[in-house]
Amino acid sequence: MSFDPICKDLQALRVTPNLADYNQARAAHSWDAIRAELQGLPGGGLNIAHEAVDRHARGTRAAHLALRWLGKDGSVHDLTYADMADHSARFANVLRTLGVGKGERVFALMSRVPELYFAALGTLKNVSVFCPLFSQFGPEPVWQRLSRGDAKVLVTTKALYEKKVASLRERLPSLQFILLADAEDDLDGCVRSWPKLMAAASTQFEIPPTSPEDMALLHFTSGTTGMPKGAVHVHQAALTHFATGRYVLDLHPEDIFWCTADPGWVTGTSYGIFAPLLHGVTNLVDEADFDAERWYCLLQDQKVTVWYTAPTAIRRLMRIPGEPRQQFDLGALRLIHSVGEPLNPEAVVWGQCALGLPIHDNWWQTETGGIMIANYAAMDIRPGSMGKPLPGIEAAIVKKGDAGVEVITECDVEGELALKPGWPSMFRAYLHDEARYAKCFVDGWYLSGDLAKRDADGYFWFVGRADDIIKTSGHMVGPFEVESALMEHPSVAESGVIGKPDPLIGQLVKAFVVVKAGHEGNDALRMDLIGFARKRLGPAVAPKEIAFVESLPKTRSGKIMRRLLKARELGLPEGDLSTLEND
Ligand code: ATP
Ligand code: MG
């Protein structure tokens, strides 16, 4: 079933959108002009932390609320731009005192507590490199990343240190300092008390010369398709964060912005830290994990205006019966965005009905450092489409042939999604893996590894990851279209679809289905779902096998791990499970 477009009425939008006319914005865009809007360091150069914090702290927004932190226990901690400048300067001084220099790696292993944000910005001020990890990682994934990332400093908490890091120290010879955010005293010469070091540090810190090309961030990919890769980003990435904050998130000075992602995933830094601060708006951080009631209360009580979340969370909200707007006042909310996985058209439309606003899908990767394709506040939405390329970004659908990479100019033809290299937040390396990095760039294109198509009006449609595509009876099937069709059935909460080798048809489409509360996964439902999918997709594409499961394996960033569904189905090795969400 195709969904009707959701048309936008500019007059009805609550604020005048930053990007009112897509084609005009594309034509007018220049990265130099974006660069000119940032301040630059007094002596020249560009540093993300200067632009995100010090620039505002020394200007008219010094007293504006920069970060409102909501603790699990109900506590609230408000920090102005001036406060953020002080805390991050202190941390930069701590690093300097410890002899940590430019380019050296500072890791964080902690939940979303204020210290994480001070550490991120302070590390950038010191021109060291920040690498955040999910606090739920077990010791092995922590070790893998600290050693592969050449960690010199780790910021964590007493409990996490004891549980996950203490036993690894002998295997981490280059890790020189571990700073415990909640320890009153040092444990030894290497394991130090953060509060003591911070108390002794000055709030004055002059950011050393920083080149826009200096390494700033190291982010490991989600590990959805295999071993996570360490993507390197530079200070210039701030230009993309700033531009997308304007064009996509549509940030305006009085916005209250909430990004639900954890900084262990790139969305939680690019948009959970930098984009809102670069725009001088108020950034909400919730320490707690997903909880539908808490989230709706938060949207209501904090008067969130722009909300950035992920399909997996939206699907969890969709499972709950009832009308959220009858229970909660979501009147402040004006824009909802989602990233990380394909957003089923059903979810876009659910947003419109249940929340009063459609959900705006956008596409990007750890490697791209920022949003590349998006649905914009002022642009009509075609549910199921990722939208159109960001102004300043050239995207194409390509195919690799004997003659190299060829751009597919016809519409509605599937191919690999490619980007013209050179945007500011493009990753500059896969750490310690030059060959793999080089392979991503062919004939002047960055190849994303995702398959997509473009329609006649320039909207891009996600088909699937190249690795997940199913070849069945001569058809190429993307799991997304099958999963989306199943989602339209009233008893389906979520599904993951794989190809299972079959001697007759190549691969057979198999779906793993989670049913909504109150529904039972039995033979009758199985037959009903197969019939339902056949009507929507045709018999060649509809699943031939359906298994009912309690839950789907997901990464910590909320992505369905289809490779794991497949490995388990076929009894193959499960591969790297470091990012598997298992609690
Ligand atoms: P790995 O590269 O280690 O396998 P990963 O690709 O999941 O992990 P991320 O960089 O976090 O790591 O995710 C980027 C990928 O997520 C994209 O390449 C795409 O497959 C998927 N993705 C992100 N946003 C969307 C979207 N809006 N629609 C469809 N897919 C999306
Ligand atoms: Mg990837």
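## Two domains, two cavities

The protein is divided into domain 1 (12–20 + 33–454) and domain 2 (469–570). Do keep in mind that this is a predicted model. The structure holds two cavities of 30 Å³ or more, and the second largest of them takes at least three lining residues from each domain. Here is a short tour, starting where the domains meet.

**How the domains meet**

- The centres of domain 1 and domain 2, taken over C-alpha atoms, are 31 Å apart.
- On the domain 1 side, 23 residues are in contact with 21 residues of domain 2.
- Together the two domains bury about 2,000 Å² between them, and 57% of that area is on carbon and sulfur atoms.
- Three residues stand out here: Thr224, Arg315 and Arg319 supply 27% of the area that domain 1 buries against domain 2, more than any other three residues.
- The interface of domain 1 and domain 2 is also crossed by three salt bridges.

**The second largest cavity**

- This cavity has a volume of about 60 Å³.
- Its lining consists of Arg315, Glu341, Pro342, Asn344, Glu483, Met487, Glu494, Ser495, Ile560 and Arg562.
- Arg315 is worth a second look, as this lining residue is also one of the three that supply 27% of the area domain 1 buries against domain 2.
- By class, the lining has five charged, three nonpolar and two polar residues.
- Two of the charged side chains pair up: Glu341 forms a salt bridge with Arg562, with the closest N and O atoms 3.8 Å apart.
- Among the secondary structure elements, helix H16 (479–487) and strand S26 (492–502) each supply at least two residues of this lining.

**The largest cavity**

- About 80 Å³ of space lies in this cavity.
- There are 14 lining residues, and those closest to the centre of the cavity are Phe134, Phe137, Phe220, Thr221 and Gly264.
- Strand S4 (129–133) and strand S8 (215–220) each provide at least two residues of the lining.
- The largest share, three residues, comes from S4.
- The class count here is seven nonpolar, six polar and one charged, whereas the lining of the second largest cavity has five charged residues.

**Salt bridges along the chain**

- The count of salt bridges comes to 35.
- One of the pairs is Asp214 with Lys102, where the closest N and O atoms are 3.1 Å apart.
- These two residues link distant parts of the chain, being 112 residues apart.
- Asp214 sits in the loop between helix H8 (194–200) and S8, while Lys102 sits in the loop between helix H4 (81–97) and strand S3 (105–109).
- Strand S8, which follows the Asp214 loop, is also one of the strands that supply at least two residues to the lining of the largest cavity.

Technical notes: Residues are numbered from 1 along each chain as its sequence is written. Chains are lettered from A and ligands numbered from 1 in the order in which they are written. This is a predicted model: local features need pLDDT of at least 70, side-chain atom pairs count only at pLDDT 80 or more; totals for chains, interfaces and linings use all residues. Side-chain values use heavy atoms; hydrogens and water are left out. On a 1 Å grid over the protein atoms alone, a cavity is a set of points where a 1.4 Å probe fits but cannot get out, and a pocket is an open set with protein on both sides within 12 Å along at least five of seven lines; lining residues have an atom within 4 Å of a point. Grid points are joined across faces, edges and corners, and a volume is the space filled by probe spheres set on the points. Helices (H or I, at least four residues) and strands (E, at least two) are DSSP runs, numbered from the N terminus. Ala, Val, Leu, Ile, Met, Phe, Trp, Tyr, Cys and Pro count as nonpolar, Asp, Glu, Lys and Arg as charged, and the others, Gly among them, as polar. Domain bounds come from an automatic or database domain assignment. Contact means heavy atoms within 4.5 Å. Buried area is the accessible area (1.4 Å probe) that two parts lose on being put together, summed over both. A salt bridge is a side-chain nitrogen of Lys or Arg within 4 Å of a carboxyl oxygen of Asp or Glu.
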